[in-house]
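Student: I have a model open and would like to go through it with you. Where do we begin?

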Amino acid sequence: MTTHIKPQNLVKGATGDWEVIVGLEIHAQVTSRSKLFSGASTTFGSEPNSNVSLVDAAMPGMLPVINEECVAQAVRTGLGLHAKINKRSVFDRKNYFYPDLPQGYQISQYKDPIVGEGVVTVDLTPTEQIEVGIERLHLEQDAGKSLHDQSATDSFVDLNRSGVALMEIVSKPDMRSADEAKAYVTKLRTILRYLGTCDGNMEQGSLRADVNVSVRKPGDALGTRCEIKNVNSIRFIGQAIDVEARRQIGILEDGGKIDQETRLFDPSRGETRSMRSKEEAHDYRYFPDPDLLPLEFTQDFVDGLKAALPELPDAKKARFMAAYGLPPYDAGVLVADKETADFFEACVAYGGTKRDAKIVANWVNGDIAAFANSQGVSVPQAHITPAQIAGLVDLIADGTISGKIAKDVLAILISEERDGDPRTIVETRGLKQVTDTGAIEAAVDAIIAANPEKVEQAKAKPSMLGWFVGQVMKQTGGRANPQGVNDILKRKLGI
Ligand code: MN
């Protein structure tokens with residue numbers, strides 16, 4: 001999809017420029033109450049081995065039963081990725097040995113996945129997009145977890161995660177830099193959260209990335225790639241790509257060749273290291289799981305899910321621009337988080353009044369976001385309500401306070417009067433804007449009379465006006481209407 005080379009993406013080597021090629025396989029845990037093939041709970045953080053059914057423990061003779069909600073979640077995700085939904089797909093056994101995989105195989109999908117090709121519009125900035133192709137999405141089971149740090153002599157296994165449904169979302173090798181890959185994961189996570197199909201919580205392992213990296217001289221065929229397994233933060237994804245590309249360029253420039261292999265990223269040392277040589281698909285001896293029939297559903301099932309999809313970020317952004325007249329930047333920042341976008345709309349329309357959306361967006365994306373950020377929470381969790389924001393914006397709009405005083409009122413709402421009403425605060429604290437020209441004129445006259453040299457200077461150099469504005473504001477406690485102050489000063493100073 002990315003067809004032309006952007007110079008800023010090229011990496012300089014000793015022998016010239018290199019192009020970095022990135023494709024991602026994202027494992028996204030499906031939001032569902034029970035596992036993919038059993039009724040055991042998916043609750044995170046339970047006592048080890050408390051959410052394990054006989055199916056998850058792979059007791060002989062147990063039979064998997066597909067969880068219809070997990071299938072629906074995969075289809076919703078496919079629709080959200082503008083992808084082809086395969087009404088017939090097949091579950092296969094992928095055979096390998098891990099201590100935390102008691103079946104001895106993972107039930108996955110190989111040749112016939114539930115979702116085929118799609119596309120994600122990735123926001124590099126709120127105003128610059130690229131398209132990244134989706135190769136496929138398939139459903140599979142997660143494995144359990146080996147615990148090596150509980151005892152000096154023994155390892156333990158926790159099977160709570162064993163059998164939890166994952167969506168493996170495979171991109172095309174369409175990304176050309178760490179920044180593009182980070183933006184892709186960010187957007188994919190936003191889409192999954194809008195859809196409610198994965199919580200996107202990387203700290204809890206709900207979203208993990210296998211990062212495929214190769215390098216080539218611009219115009220050459222694709223190079224040999226290495227896969228960096230299980231990177232669990234967006235920042236680490238970027239770091240892993242940069243160091244892996246550097247490593248490969250170093251080898252190639254020294255006349256070596258890249259071995260296709262699976263590697264691990266060590267964030268503390270800032271390096272990737274070999275984990276195992278890459279297996280080929282045939283090493284896994286994939287075959288259709290004889291315990292499961294092919295998964296088939298009707299077009300009606302797909303259509304029903306499609307009709308119930310929520311508005312997705314790209315559509316919301318377009319609507320915010322069209323309906324509210326917002327610039328792409330403002331709309332893009334707002335829709336990056338669904339709850340923030342909802343909060344913005346609640347502010348604009350609070351109490352049935354329609355407010356200036358751009359001014360509301362400035363507050364939400366500016367002072368309110370900064371405050372929320374300082375608290376480490378999202379905008380809607382920052383203890384400022386749509387009623388309070390609407391109140392502030394209305395006070396500015398009707399001329400009761402200036403934008404500058406509004407910031408003071410916000411500071412009071414944040415620090416002293418958490419549940420306060422902006423209008424009451426303005427009234428009880430005497431913050432009302434002085435629009436009475438008589439009062440402003442009196443202040444201006446007093447300052448002019450007290451500062452004859454400054455008056456002379458201002459006449460020669462009109463940029464001195466700012467000093468006078470500052471003095472009037474000081475005298476009026478910042479409450480004078482700024483436009484009125486400017487007009488009166490200019491008239492009285494004759495500039
Ligand atoms: Mn997988």
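**Surface, metal site and strands**

Tutor: This is a predicted model. Start on the surface: Leu-54, Met-59 and Met-62 form a nonpolar patch there, with about 270 Å² of accessible area together.

Student: Is Met-62 of that patch buried, partly exposed or exposed?

Tutor: Place the residue before judging it. Met-62 sits in the loop between strand 2 (16–29) and helix 1 (68–80). Buried would need under 20% relative accessible area, and exposed over 50%. Met-62 has 33%, so the term is partly exposed.

Student: Which residues coordinate the manganese ion?

Tutor: Read the spacing of the donor residues in sequence: H-x112-E-x27-E. The contacts are at 2.0 to 2.2 Å. The histidine gives NE2 and each glutamate gives OE. The residues are His-27, Glu-140 and Glu-168.

Student: How many residues apart in sequence are the parts that His-27 and Glu-140 tie together?

Tutor: Both of these residues are buried. His-27 lies in strand 2, while Glu-140 belongs to strand 7 (residues 128–141). The pair therefore ties together parts whose separation in sequence is 113 residues.

Student: Why is strand 12 described as largely enclosed by the rest of the structure?

Tutor: Strand 12 covers residues 226–231. Count its buried residues against its six. The strand is largely enclosed because the number buried is five of the six.

Student: Which strand runs parallel to strand 12?

Tutor: Strand 11 (residues 207–216) is joined to strand 12 by four bridges, but that pair runs antiparallel. There, Val-211 stands opposite Ile-228. Two bridges make the parallel pairing, with Glu-227 opposite Thr-262. The parallel partner is strand 13 (residues 261–266).

Student: What is the handedness of the β-α-β unit that strand 12 helps to make?

Tutor: The unit has strand 12 and strand 13 as its strands. Its helix is helix 3 (residues 234–253). The unit is left-handed.

Student: Which are the edge strands of the open sheet with the order 5-4-15?

Tutor: Three strands form this sheet, and the pairing is antiparallel. An edge strand here pairs on one side only. The edges are strand 5 (105–108) and strand 15 (287–288).

Student: What is the bridge partner of Arg-93 in strand 15?

Tutor: Strand 4 spans residues 92–95. Strand 4 pairs with strand 15 over two bridges, in the antiparallel sense. The partner of Arg-93 is Phe-287.

Conventions. Residues numbered from 1 in each chain as written. Predicted model: local features only at pLDDT ≥ 70, side-chain atom pairs only at ≥ 80, totals over all residues. Heavy atoms only, no water. Patch = residues over 30% accessible without salt bridge, like charges linked within 9 Å, V, L, I, M, F, W, Y side chains within 5 Å. Areas by Shrake-Rupley, 256 points an atom, 1.4 Å probe, with all protein chains shown as cover. Salt bridge = Lys/Arg side-chain N within 4 Å of Asp/Glu carboxyl O. Buried < 20%, exposed > 50% of the residue type's maximum accessible area, 1.4 Å probe, protein only. Donors = N, O, S within 2.8 Å, 3.2 Å for Na, K, Ca; no water. Pairing = 2+ DSSP bridges. Right-handed = clockwise from strand over helix to strand, strands pointing away.
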